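Colleague: I am new to this structure. Please pick one part, look at it closely, and then work outward from there.

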Amino acid sequence: MSQELNFKQELVGCFGFPVAENPTQAMIEPAFRAMGLDWRYLTLEVKPEDLPAAVAGARAFGFQGFNCTIPHKVAVIEHLDGLGESAALMGAVNCVVRQDDGRLIGENTDGKGFVSSFKELADPAGKSMVLFGAGGASRAIGVEMALAGVKKITLVNRSEERGRELEYLFSGKLNEACGGGLEIDFVKWDSDFDIPVGTEIVVNATSIGLFPDVDARVPLNVDTLTPDMVVADVIPNPPKTNLVKDATERGCQVIDGLGMLVAQGVIGIEFWTGETPDAGVMRRGLEEVFGT
Ligand SMILES: NC(=O)c1ccc[n+]([C@@H]2O[C@H](COP(=O)([O-])OP(=O)(O)OC[C@H]3O[C@@H](n4cnc5c(N)ncnc54)[C@H](OP(=O)(O)O)[C@@H]3O)[C@@H](O)[C@H]2O)c1
């Protein structure tokens, strides 16, 4: 009796421009192999003007979903069939998920990944957080941490305009989605920042420290970091940033950028396959390519 054969691969991937340096494939494909799934994760260069055709192509090829990175996180929305709650609040999508009926729904896993890696160390509920940066990563982390119960966010950003825009979102729509009571402060960042006494969470969500600027320092007074704080850095490459080193030396609990990257990848795979992958396999895949 002949065995049933299936040579059809399921497809997911990442649309970006440029995209060649995006390491996501190095954590997702080993996870698929460890799960015994014959799935492929393709790193696809999609120019902004080709995005509509690329989404149509993903539909035609029956992609199970795809990640979106710069510059497509906002532009992709008009080509989708709907948005998850936090992606709608953020106005940005980094993970598209095909439903059983073929509809493509936009989700945002960046902030969800952050919350999941944070919850391995502590419960965000009722806590007070300092958040550096006002770009996409900061927006995603602020939204999900507030939905997870953080009570106060001190938003610190170099550009006042960008900072105020995020302050408006956080104190308006986000506060409403959280049922009210969310406290938001904005501080324009123009010198070394002193972490206020009583802060429990400190997050660098800027691009300071990202390769090749590995010697760059987040402008803050490291003497104001105390062992009762959880300090997180979003920079995945290199994962041992100066902030991670300083916070570790001062006895803080620390989350590095690889932790967040892996955790958002886990959530993406769960969305696409309905199964939970091995986070250890994924982290090792990334450590191999980053040589850490
Ligand atoms: N680990 C993960 O899973 C993960 C996921 C998503 C993103 N990330 C990382 O997060 C970082 C930020 O991404 P993004 O999408 O939020 O970028 P973005 O939208 O371009 O925002 C960058 C932010 O960094 C600030 N910034 C950059 N250089 C600065 C400097 N020298 N001094 C002070 N502030 C500075 C910018 O301030 P201004 O507004 O003043 O310009 C802005 O707030 C990237 O490095 C990315 O690799 C990691």
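**A buried aspartate and what lies around it**

Modeller: At 11% relative accessibility, Asp 246 counts as buried. Keep in mind that this is a predicted model. The side chain of Asp 246 meets that of Arg 217 in a salt bridge, 2.8 Å from N to O. Asp 246 belongs to helix α7, residues 242-249, while Arg 217 sits in the loop between β10 (201-204) and β11 (230-233), so the pair ties together parts that are 29 residues apart in sequence. What about the partner, buried or exposed? Arg 217 has 52% relative accessibility, so it counts as exposed. The cut-off for exposed is over 50%.

Now step just past α7. Arg 250 lies in the loop between α7 and β12 (253-255). Arg 250 makes a salt bridge with Asp 223, and the closest N and O atoms are 3.4 Å apart. Asp 223 is in the loop between β10 and β11, so this pair ties together parts that are 27 residues apart in sequence. Arg 250 is partly exposed, with a relative accessible area of 26%. Asp 223 counts as exposed, at 60% relative accessibility.

Stay with the loop between β10 and β11, because Arg 217 and Asp 223 are not the end of its story here: Pro 212 lies in that loop too. The peptide bond from Phe 211 to Pro 212 is cis, with omega near 10°. Most peptide bonds are trans. There is a cis bond elsewhere as well: the one from Phe 17 to Pro 18, with omega near 0°. Pro 18 lies in the loop between β1 (10-16) and α1 (24-34).

Back to salt bridges. How many does a search of the whole structure find? The search finds 15. One of them joins Arg 139 and Glu 165, with the closest N and O atoms 3.7 Å apart. This pair also links distant parts of the chain: Arg 139 is in helix α5 (residues 136-147), Glu 165 is in helix α6 (residues 160-177), and they are 26 residues apart. Arg 139 counts as partly exposed, at 21% relative accessibility. Glu 165 counts as partly exposed, at 47%. Elsewhere, Lys 152, Glu 183 and Asp 185 are linked in a network of salt bridges.

Just before α5 comes a glycine to look at. Gly 135 is found in the loop between β7 (128-132) and α5. Gly 135 is buried, with a relative accessible area of 16%. Its C-alpha atom and that of Gly 102 are separated by 32 Å, and the two residues are 33 apart along the chain.

Next, a helix with much of its length covered. Seven of the 10 residues of α4 (residues 110-119) are buried, so this helix is largely enclosed by the rest of the structure. The buried ones are Asp 110, Gly 111, Gly 113, Phe 114, Val 115, Ser 117 and Phe 118. What covers them? The cover includes α5, β10, β11, β12 and α8.

That brings in α8, which also packs on another helix. The axes of α8 (residues 257-273) and α9 (residues 279-290) come within 10 Å and cross at roughly 130°. That makes α8 oblique to α9. The crossing is right-handed. On the α8 side, the contact is made by Leu 258, Gly 259, Leu 261, Val 262, Gly 265, Val 266 and Ile 269. On the α9 side, it is made by Ala 279, Met 282, Arg 283, Leu 286, Glu 287 and Phe 290. The contact residues divide into nine nonpolar, two polar and two charged.

Helix α9 has α1 as a partner too. These helices pack at an angle of about 140°, with their axes 8 Å apart. They are therefore oblique to each other. Their crossing is right-handed. From α1, Ala 26, Met 27, Ile 28, Pro 30, Ala 31 and Ala 34 take part. They meet Val 281, Met 282, Gly 285, Leu 286 and Val 289 in α9. This contact divides into 10 nonpolar residues, one polar and no charged. Met 282 and Leu 286 of α9 appear in the contact with α8 and in the contact with α1.

Key. Residues are numbered from 1 along each chain as its sequence is written. This is a predicted model: local features need pLDDT of at least 70, side-chain atom pairs count only at pLDDT 80 or more; totals for chains, interfaces and linings use all residues. Side-chain values use heavy atoms; hydrogens and water are left out. Axes are lines fitted to C-alpha atoms, for helices over the stretch in contact, and angles run from 0 to 180 degrees between N-to-C directions. Helices (H or I, at least four residues) and strands (E, at least two) are DSSP runs, numbered from the N terminus. Angles under 35 degrees count as roughly parallel, over 145 as roughly antiparallel, 65 to 115 as roughly perpendicular and the rest as oblique. A crossing is left-handed if the near helix is turned anticlockwise from the far one by less than a right angle, and right-handed if clockwise. Contact means heavy atoms within 4.5 Å. Ala, Val, Leu, Ile, Met, Phe, Trp, Tyr, Cys and Pro count as nonpolar, Asp, Glu, Lys and Arg as charged, and the others, Gly among them, as polar. A salt bridge is a side-chain nitrogen of Lys or Arg within 4 Å of a carboxyl oxygen of Asp or Glu. Buried means under 20% relative accessible area, exposed over 50%, partly exposed in between (1.4 Å probe, protein chains only).
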